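Please open the model in a viewer and keep the sequence panel visible beside it. The tour proceeds by selections, each followed by an account of what is found there.

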Amino acid sequence: MSEHTHDALVIGGGPAGLTAAIYLTRFHLDTRIVDSGRSRAALIPRTHNHAGYPDGIRGTELLAAMRHQAERYGASVTHAVVDRLDRNGDGRFHVVLDTGETLYARAVLLATGVVNTRPPMSDAVHHEALERGLLRYCPVCDGYEVTDRKVGVIGTGTHGMKEAVFLRSYTADVTLVSPGADEELTADEIGHLDTLGIRRVGGPCGDIRIAGDQILIPTPGGDLGFDSIYPALGSDIRSRLAVGLGAEHGDDGCMRVDDHQRTSIPGLYAAGDVVIGLDQISHAMGAAGVAATTLRNDLAATHALIR
């Protein structure tokens with residue numbers, strides 16, 4: 001083992017990865033974070049349901065504070081993308097970065113999260129709409145903010161129906177807009193939406209734009225204006241590194257872990273949105289604390305952690 005070997009390598013610099021790094025460094029473990037800079041949390045204009053911030057906090061501010069805290073206790077942060085994750089014959093993991101650098105670790109904690117599928121709109125409109133609360137991705141996070149407002153949900157099938165029904169508990173003015181020509185709804189789902197007074201509009205949707213205080217969804221029947229819209233278009237699970245090692249995962253790509261955040265690969269742990277569960281900052285942070293503590297205890301079983 002001529003190359004330097006970290007005790008723990010955290011892949012992902014979002015709330016889960018940074019929480020894990022704080023725990024791991026305070027366990028006096030040699031910890032390195034690889035952060036691609038693409039955390040979903042960075043897109044949050046202001047979160048209001050994260051405990052301890054009664055006036056809310058920007059996602060970028062929260063991440064910066066957590067990163068500073070991890071670095072304060074000795075974690076090193078590398079800004080790069082992981083191209084490949086392998087397991088060596090000597091039991092170590094080695095991680096190849098897009099910079100060409102290779103890192104070695106006794107254990108790896110995967111906190112790579114997910115990427116939301118965007119509706120049809122330009123990057124400039126997407127950015128402005130997020131900043132102004134005209135576009136929202138998480139009804140659990142910010143459904144409260146659209147109380148009694150005019151809301152559109154872009155989606156279809158069971159997923160779109162469930163999101164529209166969830167938002168109906170905040171406002172009576174909800175419209176489910178199909179992104180394509182087909183609704184893909186069952187008769188029971190249509191009946192449920194009709195009973196709740198949720199309107200259904202067929203697609204396809206055109207490029208979404210902003211007009212004054214509203215966001216407009218072009219449809220074959222004309223433009224529809226809303227105070228906020230929610231895409232219910234699914235997401236891309238960033239689990240390819242673990243899947244490539246043969247780790248167990250669900251049909252949607254989310255990692256399967258035990259009660260202590262262990263994957264099916266010894267020495268590989270996962271936390272946050274990449275794991276099957278509730279996609280919330282609080283949940284990601286709690287799971288990361290469990291994962292980091294488990295990693296430490298598992299490592300202590302094979303390596304003497306003494307000072």
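The expected span of a helix is 1.5 Å times one less than its number of residues. That rule can be applied at the first stop of this tour of a predicted model.

**First selection: helix α1**

Select residues 15-26, which form helix α1. How far apart are the end C-alpha atoms of α1, and what span should its 12 residues have? The end C-alpha atoms are 17 Å apart, which agrees with the 16 Å expected at 1.5 Å a residue.

Next, colour α1 by accessibility, with under 20% relative accessible area taken as buried. In this helix 10 of the 12 residues are buried, so α1 is largely enclosed by the rest of the structure. The buried residues are Pro15, Ala16, Gly17, Leu18, Thr19, Ala20, Ala21, Ile22, Leu24 and Thr25. To see what covers them, display β1 (5-11), β2 (31-35), α2 (59-72), β6 and α8, which are among the covering elements.

Within α1, centre the view on Thr19. Thr19 has a relative accessible area of 7% and is therefore buried. Beyond its neighbours within four places in sequence, Thr19 is in contact with Met66, Met285, Ala288 and Gly289. Before leaving this region, select His28, just after α1, where phi is positive at about 65°.

**Second selection: helix α8**

Select residues 281-300, the helix α8. This helix has 20 residues and reaches 29 Å from its first C-alpha to its last, close to the expected 28 Å. Which residues of α8 are buried? They are Ile281, Ala284, Ala287, Ala288, Gly289, Ala291, Ala292, Thr294, Leu295 and Leu299. An α-helix has 3.6 residues a turn, so residues three or four places apart point the same way. The cover over the buried residues of α8 includes β1, α1, α2, β6 and β16.

**Third selection: the second largest pocket**

Keep α8 displayed and add β6 (102-110) and β16 (268-270); each of these three elements supplies at least two residues of the lining of the second largest pocket. This pocket holds about 270 Å³ of space. Of the 20 residues that line it, Arg87, Arg106, Leu299, Thr302 and His303 are the closest to its centre. Which element gives the most to the lining? It is α8, with three residues. Coloured by residue type, the lining divides into eight nonpolar, six polar and six charged residues.

**Fourth selection: Thr5**

Move to Thr5, in strand β1. Is Thr5 buried or exposed? With a relative accessible area of 11%, Thr5 is buried. Show its side chain together with that of Arg92: a polar contact of 2.9 Å joins the two. Not counting residues up to four places away in sequence, Thr5 touches Asp30, Arg92, Tyr104, Ala105 and Arg106. Arg106 has already appeared on this tour, among the residues closest to the centre of the second largest pocket.

**Fifth selection: Cys254**

Select Cys254, in the loop between α7 (240-244) and β16. Cys254 is buried because its relative accessible area is 8%, against a cut-off of 20%. Draw a C-alpha to C-alpha distance from Cys254 to Ser239: the two are 15 residues apart in sequence and 6.7 Å apart in space. Leaving out residues up to four places away in sequence, Cys254 touches Ile237, His249, Asp273, Val274, Val275 and Ile276.

**Final selections: backbone geometry in loops**

Most residues other than glycine have a negative phi, and most peptide bonds are trans. The last stops depart from those patterns.

Select Asp148, in the loop between α4 (139-142) and β8 (151-154). Asp148 is not a glycine, yet its phi is positive at about 60°. Its relative accessibility is 66%, so Asp148 counts as exposed.

Go on to Glu184, in the loop between β9 (174-177) and α6 (187-195). Glu184 likewise has a positive phi of about 60° without being a glycine. Glu184 also counts as exposed, at 59% relative accessibility.

Finally, select Gly203 and Pro204. What kind of peptide bond joins Gly203 and Pro204? The bond is cis, with omega about 10°. Pro204 lies in the loop between β10 (199-201) and β11 (209-211).

Methods. Residues numbered from 1 in each chain as written. Predicted model: local features only at pLDDT ≥ 70, side-chain atom pairs only at ≥ 80, totals over all residues. Heavy atoms only, no water. 1 Å grid on protein atoms, 1.4 Å probe; cavity = no way out; pocket = protein on both sides within 12 Å on 5 of 7 lines; lining within 4 Å. Points joined across faces, edges and corners; volume = space filled by probe spheres on them. Helix = DSSP H or I, 4+ residues; strand = E, 2+ residues; numbered from the N terminus. Nonpolar A, V, L, I, M, F, W, Y, C, P; charged D, E, K, R; others polar. Buried < 20%, exposed > 50% of the residue type's maximum accessible area, 1.4 Å probe, protein only. Contact = heavy atoms within 4.5 Å. Polar contact = N/O pair within 3.5 Å; in protein donor to acceptor, adjacent residues only side chain to side chain.
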